[in-house]
Each structure stands twice: as C-alpha cells, then as structure tokens.
Amino acid sequence: MSTPLYQLKAEFFKTLGHPVRIRVLELLSEREHAVSEMLPKVGVEPAHLSQQLAVLRRANLVVTRREGAGVYYSLVNEQVAELLKVARSILTGVLTGQAELLADLRAADPVRRAAP
C-alpha cells in the first residue's frame, strides 16, 4: 500500500521545519552558493551546516556540484523559492492581523486611555 499524500506532505514540511534549512533555501532562492559563502550568512558551525545541507539533499530539495575544492549548492527547482515567497505572504497577513488586533485591544483598554 502506498503512503498517503497527506503523510508525504507532512514529511515534506517537517524537512522545512528547521530555521537553518529555511535560511539556506532562502539564500539558494537568490542564486547558487558555495558552502563557504553560506557559513557567515547562516551563522552556524560548519558541521551543523553540513548536517542541514545533507537533510536538504536527501529530500531532493538541493543539488551540489564540485568546482575545484569548492562545493556549490543550488535549488533542485524554482518552486521551492515560490513556496518561500508564499509562506512570507501568509505570515505578513497573519502578523498584520495580529497587529490590528493588538491596536484594537490597546484602544479599548480603559487604563491606557486614562493614563497621561
């Protein structure tokens, strides 16, 4: 019996569920990067970055190429970059709604209105 699509989607989102992996994918959404370029931008130890890159490789989200001593990473497909853009848009909407709610709560607070 094959794995249900909803379960595969959950596994996919688990793969994306780490801040270092998201940051790497954001960088790779811009262009191909060498590992040495990513290290200062991601801000983790080389071994930790290597682990997270391995997770992304196993999930077939990134590919590598070697050039001399350097290893370069790029996205397997541009839909990953699109997904990150959609996530940003969703978060912008959510945070905007929360900011509006907070403003409404503050405006309705009688203690705040009475304060000098």
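**Notes on the predicted model**

1. Let's start with the core. The largest nonpolar core holds 18 residues, and V24, L25 and M38 make the most contacts inside it. Two or more residues of this core come from each of α2, α3 (35-42), α4, β3 (70-75) and α5. The biggest contributor is α2, with five residues. Bear in mind that this is a predicted model.

2. L25 deserves a closer look, as one of the residues with the most contacts inside that core. Setting aside neighbours within four places in sequence, L25 touches L16, L56, V62, L75, V80 and L84. Two of those partners turn up again in the next point: V80 and L84 are among the buried residues of α5.

3. On to α5 itself, which runs over residues 79-108. This helix has 30 residues and spans 44 Å from its first C-alpha to its last, close to the 44 Å expected at 1.5 Å a residue. Its buried residues are V80, A81 and L84, and they pack against α2 and β3.

4. Now the largest pocket, with about 350 Å³ of space. Which residues line the largest pocket? The lining is made of F13, L16, I22, E26, S29, E30, L83, L84, K85, A87, R88 and L91. At least two of these come from each of α1 (5-16), α2 (19-30) and α5 (79-108), and α5 gives the largest share, six residues. If you're thinking about chemistry, the lining has seven nonpolar, one polar and four charged residues. L84 belongs to this lining, is buried in α5 and is in contact with L25. L16 also appears twice, as a lining residue and as a contact of L25.

5. T15 sits in helix α1. Is T15 buried or exposed? T15 is buried, because its relative accessible area is 15%, under the 20% cut-off. Leaving out neighbours within four places in sequence, T15 is in contact with R21, V55, L56, A59 and L61. L56 is a partner of L25 as well.

6. Last, a backbone detail to check by eye. N60 has a phi near 60°, a positive value in a residue other than glycine. For background, most residues other than glycine have a negative phi. Where is N60? N60 is in the loop between α4 (46-58) and β2 (62-67). With a relative accessible area of 56%, N60 counts as exposed, because the cut-off for that label is over 50%.

Technical notes: Residues are numbered from 1 along each chain as its sequence is written. This is a predicted model: local features need pLDDT of at least 70, side-chain atom pairs count only at pLDDT 80 or more; totals for chains, interfaces and linings use all residues. Side-chain values use heavy atoms; hydrogens and water are left out. On a 1 Å grid over the protein atoms alone, a cavity is a set of points where a 1.4 Å probe fits but cannot get out, and a pocket is an open set with protein on both sides within 12 Å along at least five of seven lines; lining residues have an atom within 4 Å of a point. Grid points are joined across faces, edges and corners, and a volume is the space filled by probe spheres set on the points. Helices (H or I, at least four residues) and strands (E, at least two) are DSSP runs, numbered from the N terminus. Ala, Val, Leu, Ile, Met, Phe, Trp, Tyr, Cys and Pro count as nonpolar, Asp, Glu, Lys and Arg as charged, and the others, Gly among them, as polar. Buried means under 20% relative accessible area, exposed over 50%, partly exposed in between (1.4 Å probe, protein chains only). A nonpolar core is a set of buried Ala, Val, Leu, Ile, Met, Phe, Trp, Tyr and Cys residues joined through side-chain atoms within 4.5 Å. Contact means heavy atoms within 4.5 Å. The expected span of a helix is 1.5 Å times one less than its number of residues.
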